[in-house]
Amino acid sequence: MASAVRQKWDRASGFYDRMVRADDARFGDAKASLFRRMRGRCLMMAAGTGHDFLHFPPGLRVVAIDISGVMLARARGPASAYPGALGLVQADAQALPFADRSFDCAVTSCTLCSVPDPVQGLREIRRVLRPEAPLLLFEHVRSRLAPVALTQDLLTPLSRRFGPDMNRDTVGNVQRAGFRVLREANIYLDIVKALEAVPA
Amino acid sequence: MALEATQVTRPRGPSRAYLVGDYAAGAATALAAALPIHALVDTGWDIVLAMLVGVGIGTLAHLAVLAVAGPLVGFFQVMAPGGVIGMYGGMLFGMRDSMQAASWPQTVAVAVLFGLVVVACLDLYDRALRRSQEAG
C-alpha cells in the first residue's frame, strides 16, 4: 500500500505545483493565519513540494515529512529559503519514525485527504505530540450540502487515482483519533476548512 | 461535541479576476454540458433515458472544465458549482431536449444563465457562511 501511495505522489510531483497555484493564491492568507499558531518544534505532515513553507512563521524548528522522495527533492528549495530550521524526512504518515511526545505542534495542509487510513495517521500525530500541543489542519472535506456532496462522492473514485479523496469526514476523523477540536473555520463553503485541535 | 466559535481568519473574498473566473468556469461547464446534449437528444426520447444521458454528459463536461479551469481559477471553486451544473444541469438539459424543440441560441442562452445562477447561489451561500462565522 505504502509503495503504491509513494508511486502515485512521485508521479504527481511533476504537475503538482501547477495544479495548486490558484488554490495557493486564494487560500494563502487563511493558511498563514492558521499557521501563525505554530510554535516550538513542529511536525509538518505531507510537505509535498514545500509550497506551504512560505506561510510558516519564521524562526521555528520544523520537521517536514512526505512519503514521496521525488516530492521532497522538489521541496529542498523552499526548505532552504525558510527563515528557521526546516528538515525534510521521507516517512509514511501512518507510521511516523519519531519518539512519543517529541513535538510541540503539528500541521497538515490538504494531507488527510491523501493518507490511506487517515485515523491511523492522526493517531500517529497524537502519539508524537506533547500533551496540549496544537494540531493545525488546513483540509478539504465532504460538504454537508447534499447536491455538492453527491458530486464529491462521484468524483472521488477518479480523483483517488491521481491524487486525493474529495469526500473525507476529516473533522470526524480528528475526533475519532482522540483529538478535541477547539476551532473550526469554513474557508470556502463548508468544503475547505481550517481546524485547531489538541489531544483529548 | 459542540465546537467553539472560531476566529481563524479566512480570505475576505476572491479578487475580481478570480470571481470572473468562477463565473466563466460555471458558464463554460454549462455550455460544455448543454451543447452535446442538445446535439444528441431529440424530442420524443424517453425522458428517463434523456435524463441519464444528460447526467453522464454533464458529468464528463464538468470533469473536462475542471481539468482546464481548476489550475487557473482554483479547484474547489470550479469543482463545487461545476459538479452541480454538470450533473443536475445535464439532467435538466436532457429532459428539456426530450420534451421540446429548443433552438441552438436558446440552448446557449439557457445554459449560460443556468451556469451563472448556480455559481451565484454558491457564492451567496459562501458569503452567508462567512458572515455567520464572523458574527459567531
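Is β7(A) mostly covered or mostly open, and how many of its eight residues are buried? I looked this up in what is a predicted model. I found β7(A) mostly covered, with six of the eight residues buried.

**Entry: the partners of β7(A)**

I next asked which strands pair with β7(A). One is β5, residues 135-140 of chain A. I counted six bridges between β5 and β7(A), and they run in the antiparallel sense. To place this pairing, I noted one bridge: A:Leu137 has A:Leu195 of β7(A) as its partner.

β6(A) is also a partner of β7(A). This pairing is antiparallel too, over eight bridges. Here I noted A:Arg180, whose bridge partner in β7(A) is A:Val198.

I then looked at the link between β6(A) and β7(A). The two strands form a hairpin, and three residues lie between them. In that turn I found A:Leu189 with a positive phi of about 45 degrees.

**Entry: the contact between the chains**

How many residues does each chain bring to the contact? I read 30 residues from chain A and 28 residues from chain B. On the side of chain A that touches chain B, four elements give two or more residues: α2 (16-35), α5 (146-162), β6 (179-188) and β7 (192-199). So both strands of the hairpin turn up here as well. α2(A) gives the most, with 10 residues. I sorted this side of chain A by residue type and got 17 nonpolar, five polar and eight charged.

**Entry: helix α3(A)**

I moved on to α3, residues 69-81 of chain A. The helix has 13 residues. I checked its reach from first C-alpha to last: 19 Å, close to the 18 Å expected at 1.5 Å a residue.

Where does α3(A) kink? I found the kink at A:Ala75, at about 40 degrees. The proline A:Pro78 follows shortly after. Both A:Ala75 and A:Pro78 are buried, and I listed A:Met71, A:Leu72 and A:Arg74 as buried with them. I then looked at what these buried residues pack against. I noted α1 (2-12), β2 (61-66) and β3 (85-90), which belong to chain A.

**Entry: chain B**

I ended with chain B. It has four helices and zero strands. Read from the N terminus on, the order is α-α-α-α. Of its 136 residues, 45% are buried. I also looked at the contacts in chain B with a separation of 6 or more. Residues 24 or more positions apart account for 85% of them.

Definitions and conventions
Residues numbered from 1 in each chain as written. Chains lettered and ligands numbered in written order. Predicted model: local features only at pLDDT ≥ 70, side-chain atom pairs only at ≥ 80, totals over all residues. Contact = placed C-beta atoms within 7 Å. Nonpolar A, V, L, I, M, F, W, Y, C, P; charged D, E, K, R; others polar. Buried ≥ 20, exposed ≤ 12 C-beta atoms within 10 Å, placed from the backbone. Pairing = 2+ DSSP bridges. Expected span 1.5 Å × (residues − 1). Bend = angle between axes of the 7 residues up to and from the residue.
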